[in-house]
4 protein chains.
Amino acid sequence: MIVVMQTAAEKGQVEGVECRLLEMGFAPHRIQGTGRVVIGAVGEQKVVFPTGLEVLPGVERVVPISAPYKLVSREVKETGTVVEVGGLKIGGPEIVVMAGPCAVESEEQLITIARLVKAAGAQVLRGGAYKPRSSPYSFQGLELEGLKMLSRARDETGLKIVTEVLNPQEIELVAEYTDIIQIGARNMQNFSLLREAGRVKKPVMLKRGLAATLEEWLMAAEYILAEDNFEVILCERGIRTFETSTRSTLDISAIPQAKSMSHLPVIVDPCHSSGTWKLASPLSRAAIAAGADGLLIEVHHKPAEALCDGPQSLTPEKFSRLLTSIQPVAEALGRGVSIGEDLSMTGGF
Amino acid sequence: MIVVMQTAAEKGQVEGVECRLLEMGFAPHRIQGTGRVVIGAVGEQKVVFPTGLEVLPGVERVVPISAPYKLVSREVKETGTVVEVGGLKIGGPEIVVMAGPCAVESEEQLITIARLVKAAGAQVLRGGAYKPRSSPYSFQGLELEGLKMLSRARDETGLKIVTEVLNPQEIELVAEYTDIIQIGARNMQNFSLLREAGRVKKPVMLKRGLAATLEEWLMAAEYILAEDNFEVILCERGIRTFETSTRSTLDISAIPQAKSMSHLPVIVDPCHSSGTWKLASPLSRAAIAAGADGLLIEVHHKPAEALCDGPQSLTPEKFSRLLTSIQPVAEALGRGVSIGEDLSMTGGF
Amino acid sequence: MIVVMQTAAEKGQVEGVECRLLEMGFAPHRIQGTGRVVIGAVGEQKVVFPTGLEVLPGVERVVPISAPYKLVSREVKETGTVVEVGGLKIGGPEIVVMAGPCAVESEEQLITIARLVKAAGAQVLRGGAYKPRSSPYSFQGLELEGLKMLSRARDETGLKIVTEVLNPQEIELVAEYTDIIQIGARNMQNFSLLREAGRVKKPVMLKRGLAATLEEWLMAAEYILAEDNFEVILCERGIRTFETSTRSTLDISAIPQAKSMSHLPVIVDPCHSSGTWKLASPLSRAAIAAGADGLLIEVHHKPAEALCDGPQSLTPEKFSRLLTSIQPVAEALGRGVSIGEDLSMTGGF
Amino acid sequence: MIVVMQTAAEKGQVEGVECRLLEMGFAPHRIQGTGRVVIGAVGEQKVVFPTGLEVLPGVERVVPISAPYKLVSREVKETGTVVEVGGLKIGGPEIVVMAGPCAVESEEQLITIARLVKAAGAQVLRGGAYKPRSSPYSFQGLELEGLKMLSRARDETGLKIVTEVLNPQEIELVAEYTDIIQIGARNMQNFSLLREAGRVKKPVMLKRGLAATLEEWLMAAEYILAEDNFEVILCERGIRTFETSTRSTLDISAIPQAKSMSHLPVIVDPCHSSGTWKLASPLSRAAIAAGADGLLIEVHHKPAEALCDGPQSLTPEKFSRLLTSIQPVAEALGRGVSIGEDLSMTGGF
């Protein structure tokens, strides 16, 4: 790190900082500028910011040089991580498509949608059994019953399952039923939950918080890796900005940026980002074109009756068209995406 | 609510929406505008947004008319709530001052600071036993040992205690030792934690999330009230914006705004907002002038050695001066603030 | 528009609002809800917000129903506008590529770069003669000399020219030398400049302001169209958010969103958005995949010596590779992009 | 500045950077860390960012050490600037109050309001003759006629005048009629306008842009000082954030922060910040408590008929009450505020 002294700092104050750096195990290197002194601290970086140096007399600020994350860093592991889920590879050349309803509402609803998204080409079924809802009066999910339905949908269709967990206590239970554990945007800095997710030996999909910087997102992933679970998938789902015509702002730059900072695979949720199914296709294409390894798409066969997030859910027919529209883009990047039946021709949706 | 139809909506689509409103228990009132149709839905509001109407053919958007929160609303309860903590009133005419270290580090550290903030005039001791840290490699708190030290500091000084809880499982334990349970900014939408906090019969201080709108903040409080715990204190601690010269941006307007929307008391944390003790005094004065009911201040007797948040901690000497500087402002608003000894004259800090 | 009365509004207050609406030429339609009254105002929308109704006693808020822009709206003109610049079509099936240095620095620099971007496949040469710089001590552009060099580069290469204008007084002069007038992000709400740009009969490229909503951006375009200049190209160049790892956040959703709200063509500037040439390729691909009609790319043959924005400039070699990488994405969307020589093989860059 | 090399940078790349620094007139100081090399550049700071070093091979990033502004800096001039306007001191111990309508609408309207704000205690009359409106269909101001009315209002009341200028061409004309030239938030980075404002020898009030960092705001002021006009008043008027319950977010921290970074006086516009007169009083008190040197308040005797910004305008009665409510806060800070008649008792408003 670099300690920038105030222009008015006195000699004794500079020496005080150097003395403290020595105590901390660093070798201080003083640079006498024309206006002020700057001190470089050399040594294996063991500090966490703020360092305590900030409040020493004469110090203006302390500039970190190294990134605070280690295990998630591309500097530590050069090759991209491929997360394997029972044969399915996330982060490899094939684009992975996860699709399904916002919430598990009933066995019939789930199985119907599962069959349709499978037929269209999806590899993973998403569906919430525990729902984080901004209102206590909204539908909160079927909980254990929902988990069981997801499990049955897997048996029926062969799809892998991804579902969200809200509470550290419930992680083991959820892990029994699901293939991938989802940590939602609102819980991205729920450190108790992150730590538990690190202890369970299941792949974890970590959504970016609404106001999380890339660095904070990677630090949240670091919590999971630090518990020895390296099977982490990052999911960009839009950040909060001043723009109101979309629900949030898909940070498309975060895809190449996260992939250059980290070795973890990155997937994109275009439905939550925008808040409307109308943007799902162009944003999915953009995500693939920017280098995303997969997509998370909300699909409901009756969006008007969905218990949550209907406006941002695609019908199976539209979902099928979306896959058709992303395939040539994936191929343009030398990647594949598996496409099934063309549901857009079937009536009834 | 109001359903705004597209300009190109057909008669059948308008009728479809009206039909659905009837099914939902609303009386639809059609207004034929010059460019489009708008439908008012009359009835006791039972819906949660999105409503499902958004995806019906011909619908452009649905405009809510009533606020989504109920129990926290000033419309439901006109008089301001005064939260009582063993005789101490938060939300009454007296400004309440909570002060102490970011983290409990040792019994000696805590007791030293507790005596000093008590002497200066504080009524509540803050101190973290469970710390939410963005890095897994940072000091994570003394946990149960920290709770016990807080309890001893209360016995020593008579100060009330406020401390943060991170995990729904730990709420009962924390509630045994503390007078006020703090829910931090990162957990503002940790709904499992909110619900547990509603079930425990202790006052809860709910910090605003870094990217939470006022409406979302009040909805988070609604979770606690919905479990029958009405002893909630809101705490504004800065929001995330593009500005980088301060750590976050204290939303001063949120104080009068939250107090007009809700009956709950509002306190302010000027240290976390700004990230530097240098702004603590002007921001504290501003908070009081805008109508805040109290302050949450970080105080450490040796900021350069603090295990967390040193740069934003005041020395007891500076804390004493801060109190002296806010007193005339409080009085200008017809409110009081209790001031103790003038520590700014004592040497050693 | 809809006037939402307070729950406590009295009968006389409701009548007062209705009376005022009648004076304003609207037919008021009262809807008596269970909690409050809502009044729909029917009539040709002539009002501008705020309307004055907001301050009448008993009024809680006024909700606009129609968008405030007219001439730029897709509702007014269903087919997409194609802006023609001497045979070049912007907004048609072909992706248009504008490239060149941030600033015109010398005739030699400009002609060198112009030839290279032309060879690589660009159709338009960008280059600033008047530079908006955040510091008064930065290079401010060659002004008239720069315009003349741009004109000579056009003669040499046949490329069209786009260059920025900062001052309403200089528009006529700039218009003499350029094919497309650029209005920069910082001037998006410089209404004097917008009006002058509307009066000159040249295509205008309007960059989105750093903190402008889509609605404000379209309203700024409306200023130009309202002066009878319909040749407007929108340019998304990133918005300001809390994220600091990129210079700004490319709002990829703004592309399909602006194209659905408006009939104007939309191009994207991936270099300013991100602040680094490293993201130019993935963001360009994403922009095309999301439906952009063109790209604006900074190219410099010696980025380390560029007088401005070197870090976000591509070498001609990298620019050539970028074009090669977007072509298959354009084709995947059924669009073309003209590619010239492969400069990435030539040495010397 | 500090050049941070990549961990993988080679010896030759480090030498290349050092060589370039020497060419630029800096003495390079290499610090060999455990993971990477960092180079300090010593010399009189003549560079502007980006420096060109960013694109050299092996460079990760370049960290500025000194602030980019000079003349506005508190480091250059330690004592606060007091701007004098014909005897009135802005930045001295007395709080200055500027009040008046958003727009000059007619001579009668202006004189009526001028007399009332004067009676209540204001020292400066504000009123727009040239109005920056987001819609081309909104009232755009009375222009020259408006300037003449402002001038007559000054003759009638003795109030100083502040009014906005939009176009560099109009500055001389506006300067003839006004005492203080206002540059609005949307034009904060209209550099042509800033430069002209620097050339006119009149005090300039520079509003902060909606998305401007403190550094950008001070750099905009630097443009004016660089032309030898040192009579600059900064005006904080709210920044754009995600929060929607207020029109913008008053950045209260910007007051002490700007005053510590710069010697210029800072005033606050609580009406534009919040978009509602309801928050004008608490925000005015907060601004004074945080150290503001003055207030800019919208006052209209008939807000419901105001041609612009009615909802955020106070009646003279409310304005009078606002002054009464800020006086004790000003006194609590050892500052004065002149209070006139108590208009809140007069009927008719």
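Domain bounds, as used here, come from an automatic or database domain assignment. The exercises below concern a predicted model, and each is followed by a solution that proceeds in steps.

**Exercise 1. Domains of chain A**

Task: State into which domains chain A is divided, and find how far apart the C-alpha centres of these domains lie.

Solution: Begin with the division itself, which gives domain 1 of chain A residues 2-63 and domain 2 of chain A residues 83-345. Then take the C-alpha centre of each domain; the centres of domain 1 and domain 2 of chain A lie 45 Å apart.

**Exercise 2. The contact of chain B with chain A**

Task: Describe the interface of chain B and chain A by its residues, its buried area and its polar and charged pairs.

Solution: Start with the residues, of which chain B brings 44 to the contact and chain A brings 44. Next consider the area buried between chain B and chain A, which is about 3700 Å², with 57% of it given by carbon and sulfur atoms.

Turn then to the charged pairs. Side chains of opposite charge can pair when their charged atoms come close. With a cut-off of 4 Å between nitrogen and carboxyl oxygen, the rule finds 2 salt bridges across the interface of chain B and chain A. One of them joins the side chains of Glu216(B) and Arg240(A), where the distance from N to O is 2.6 Å. The polar contacts between chain B and chain A come to 18 residue pairs, both residues being at pLDDT 80 or more.

Finally, look at which elements of chain B take part. Helix H5 (191-199) and helix H6 (214-226) of chain B each supply at least two residues of the side that touches chain A, and H6(B) gives the most to that side, with 5 residues. Sorted by class, the residues of the side of chain B that touches chain A are 19 nonpolar, 14 polar and 11 charged.

**Exercise 3. The contact of chain B with chain C**

Task: Describe the interface of chain B and chain C in the order used above, and name the residues of chain B that lose the most area to chain C.

Solution: The residues come to 25 from chain B and 25 from chain C. Between them, chain B and chain C bury about 1900 Å², and 63% of this lies on carbon and sulfur atoms. On the side of chain B, the residues that lose the most area to chain C are Ile31(B), Thr34(B) and Ile65(B), which together make up 29% of what that side buries.

For the charged pairs, the rule finds 0 salt bridges across the interface of chain B and chain C, while the polar contacts between these chains number 6 residue pairs, both residues at pLDDT 80 or more. Strands E1 (2-5), E2 (27-32), E3 (37-42) and E4 (59-63) of chain B each supply at least two residues of the side that touches chain C. By class, that side of chain B holds 9 nonpolar, 10 polar and 6 charged residues.

**Exercise 4. How the copies are related**

Task: Find which rotation lays chain B on chain C and which superposes chain B on chain A.

Solution: For chain C, a turn of 180 degrees and a shift of 0.1 Å along the axis lay chain B on it with an RMSD of 0.1 Å. The two copies are therefore related as by a two-fold rotation axis. Of the residues of chain B, Phe242(B) comes closest to this axis, with its C-alpha at 2.2 Å. The copies meet through the same surface, because 100% of the interface residues of chain B are also interface residues in chain C.

For chain A, a rotation of 180 degrees with 0.0 Å of shift along its axis superposes chain B on chain A with an RMSD of 0.0 Å. In chain B, the C-alpha of Ala211(B) is nearest that axis, 2.9 Å from it. Here too the same surface serves both copies, with 98% of the contact residues of chain B recurring in chain A.

Methods. Residues numbered from 1 in each chain as written. Chains lettered and ligands numbered in written order. Predicted model: local features only at pLDDT ≥ 70, side-chain atom pairs only at ≥ 80, totals over all residues. Heavy atoms only, no water. Contact = heavy atoms within 4.5 Å. Buried area = accessible area lost by both parts, 1.4 Å probe. Polar contact = N/O pair within 3.5 Å; in protein donor to acceptor, adjacent residues only side chain to side chain. Helix = DSSP H or I, 4+ residues; strand = E, 2+ residues; numbered from the N terminus. Nonpolar A, V, L, I, M, F, W, Y, C, P; charged D, E, K, R; others polar. Least-squares fit on C-alpha atoms with pLDDT ≥ 70 in both.
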